Amino acid sequence: MRHLAAYLLLQIGGKASPSADDIKKVLSAVGIEADEERLEKLISELEGKDVNELIAEGSSKLASVPAGGAVSAAPAAGGAAAGGAAAAEEKAEEKEEEKEESDDDMGFGLFD
């Protein structure tokens with residue numbers, strides 16, 4: 001991801017086709033060591049391609065991916081709906097409590 005970010009920064013900065021050395025310079029400027037294998041793969045995959053087209057194509061693919069949570073079936077009776085909502089709230093509170101409790105299991109406290 002960092003290699004791609006550096007590549008995109010260089011393109012925004014005016015380099016139409018950044019080289020591996022260009023990316024290494026950007027990464028080293030912020031203290032990150034480049035992974036040669038991943039860098040070479042990135043350069044070879046992007047060679048001769050328009051990054052803006054790739055981003056547009058990827059965005060259209062992501063648009064078709066469902067991102068919502070699980071949908072529960074609606075209860076048949078109105079009274080049951082109120083009971084179902086209360087049960088859902090209880091479950092949410094239980095999950096929140098479990099999350100808070102799991103923070104205690106780290107073995108250290110903030111001010112220890």
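**Exercise 1. State where D22 is found, whether D22 is buried or exposed, and which residues beyond its sequence neighbours D22 contacts.**

Solution. D22 is found in helix 2 of this predicted model. Its relative accessibility is 14%. Buried means under 20% relative accessible area, so D22 counts as buried. With neighbours within four places in sequence left aside, D22 is in contact with L10 and K15.

**Exercise 2. Determine on which side or sides of helix 2 the buried residues lie, and what they pack against.**

Solution. Begin with the list: A20, D22, I23 and L27 are the buried residues of helix 2. Around the axis they cover an arc of only 160 degrees, so they lie on the same side of helix 2. The face turned away from this buried side carries K25 and A29, which are exposed. The buried residues of helix 2 pack against helix 1 and helix 3, the latter spanning 36-46.

**Exercise 3. Classify how helix 1 and helix 2 are oriented, and describe their contact.**

Solution. The two helices pack with their axes 9 Å apart, at an angle of about 105 degrees. Angles of 65 to 115 degrees count as roughly perpendicular, so helix 1 is roughly perpendicular to helix 2. On the helix 1 side, the contact is made by R2, H3, A6, Y7 and L10. Helix 2 contributes D22, I23, V26 and L27. Sorted by class, the residues of this contact are six nonpolar, one polar and two charged.

**Exercise 4. Do the same for helix 2 and helix 3, adding the handedness of the crossing.**

Solution. The axes of helix 2 and helix 3 come within 10 Å and cross at roughly 130 degrees. That angle falls outside the ranges for roughly parallel, antiparallel and perpendicular, and the two helices are therefore oblique to each other. The crossing of helix 2 past helix 3 is right-handed. Residues A20, I23 and K24 of helix 2 meet E36, L39, E40, L42 and I43 of helix 3. This contact has five nonpolar, no polar and three charged residues.

**Exercise 5. Locate A16 and G31 relative to the helices, and decide whether A16 is buried or exposed.**

Solution. A16 is found in the loop between helix 1 (2-12) and helix 2 (20-29). Its relative accessible area is 65%; exposed means over 50%, so A16 is exposed. D50 is 34 residues from A16 along the chain, and their C-alpha atoms are separated by 9.2 Å. G31 comes just after helix 2 and takes a positive phi of about 80 degrees.

Definitions and conventions: Residues are numbered from 1 along each chain as its sequence is written. This is a predicted model: local features need pLDDT of at least 70, side-chain atom pairs count only at pLDDT 80 or more; totals for chains, interfaces and linings use all residues. Side-chain values use heavy atoms; hydrogens and water are left out. Helices (H or I, at least four residues) and strands (E, at least two) are DSSP runs, numbered from the N terminus. Buried means under 20% relative accessible area, exposed over 50%, partly exposed in between (1.4 Å probe, protein chains only). Contact means heavy atoms within 4.5 Å. Axes are lines fitted to C-alpha atoms, for helices over the stretch in contact, and angles run from 0 to 180 degrees between N-to-C directions. Angles under 35 degrees count as roughly parallel, over 145 as roughly antiparallel, 65 to 115 as roughly perpendicular and the rest as oblique. Ala, Val, Leu, Ile, Met, Phe, Trp, Tyr, Cys and Pro count as nonpolar, Asp, Glu, Lys and Arg as charged, and the others, Gly among them, as polar. The arc is that of the directions from the helix axis to the C-beta atoms. A crossing is left-handed if the near helix is turned anticlockwise from the far one by less than a right angle, and right-handed if clockwise.
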